[in-house]
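Dear colleague,

Please find below the structure that I promised to hand over, together with its sequence. After it I have written down what was found, and I suggest keeping the two side by side while reading.

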Amino acid sequence: FIGFVETATNQRRFEAAASDGIRRDSDGVRFRAGVGFGNTGQMLRGEASIGYGRQTPLDSRLPSIDGIVIDANMAWRATALTALLLRASADVVETSTPLSSGGLTQRYQAELRHAFLRLLIGTASASYATTAFQGIGLTENQTDLGLGLEYHLGPEAILYGRYQHSIFRTNAAAAE
């Protein structure tokens, strides 16, 4: 196990105001602490952290966006041919939606990879994301389901095909 603490700052600046005439420039900060595990392991490896993120708009008409941010990833090699990848993440996103400074997005993903042959790999994936926008009560949810096939032509070339089905839902009045 390897513990860590991390902090990050950002400045987001835009060339023009959004359609409501409000500039979305902001300053942000993120703090998190976590643990990495299995860095030398062949079966299981990953990282998990929890922290706090805040993005503060420079225009006082917009509310700050803040919340708990959780980031995690894990790779489990079930067999020499099959691996399961799990991910969770959270972050602050911007929007040009009138009267909102942005939202807090949480995403969860799972991907199963199986090597049918040494150079032919199949994938199946699922993800779910939700975003709660500050100041306007808008929530968006998206579910993605996917299938893929990769053929490794060589160390620098891969031929692949993917199919993805997305389901998008929102509580916006215009979506009804």
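Strand E4 and strand E5 (residues 82-93) run antiparallel and are joined by six bridges, and the two form a hairpin with four residues between them. Within this pair, Trp 76 stands opposite Leu 84 in E5. Please keep in mind throughout that this is a predicted model.

On its other pairing, E4 (residues 65-77) meets strand E3 (residues 44-57), again in the antiparallel sense, and here the pairing extends over 12 bridges. Leu 44, which lies in strand E3, stands opposite Trp 76 in E4, so that Trp 76 is a residue to look for in both pairings, facing Leu 44 in one and Leu 84 in the other.

Is Leu 44 buried or exposed? Neither word fits, because its relative accessibility is 37%, and a residue counts as partly exposed when its value lies between the limits of 20% and 50%. Leu 44 also belongs, with Met 43 and Trp 76, to a nonpolar surface patch of about 290 Å².

Continuing from E5, the next partner is strand E6 (residues 103-117), which runs antiparallel to E5 and is joined to it by 12 bridges. In this pair, Ala 90 stands opposite Gln 106 in E6.

These pairings are part of a wider arrangement, in which nine strands form an open sheet in the order E1-E2-E3-E4-E5-E6-E7-E8-E9, with antiparallel pairing. E1 and strand E9 (157-170) stand at the edges, and each has a single partner strand, so one side of each is left without a neighbour in the sheet. From one strand to the next, the twist averages 15 degrees. As background, the strands of a sheet pair through backbone hydrogen bonds, and such pairing may be either parallel or antiparallel.

One residue outside the strands is also worth finding in the model. Gly 21 is placed in the loop between strand E1 (2-12) and strand E2 (26-37), and with a relative accessible area of 47% Gly 21 is partly exposed, because this value falls short of the 50% that an exposed residue has to exceed. How far apart are Gly 21 and Leu 99 in sequence and in space? They are separated by 78 residues in sequence, while in space the distance is 9.9 Å, taken from C-alpha to C-alpha.

With best wishes

Note on methods. Residues numbered from 1 in each chain as written. Predicted model: local features only at pLDDT ≥ 70, side-chain atom pairs only at ≥ 80, totals over all residues. Heavy atoms only, no water. Buried < 20%, exposed > 50% of the residue type's maximum accessible area, 1.4 Å probe, protein only. Pairing = 2+ DSSP bridges. Axes fitted to C-alpha atoms, helices over the stretch in contact; angles between N-to-C directions. Patch = residues over 30% accessible without salt bridge, like charges linked within 9 Å, V, L, I, M, F, W, Y side chains within 5 Å. Areas by Shrake-Rupley, 256 points an atom, 1.4 Å probe, with all protein chains shown as cover. Salt bridge = Lys/Arg side-chain N within 4 Å of Asp/Glu carboxyl O.
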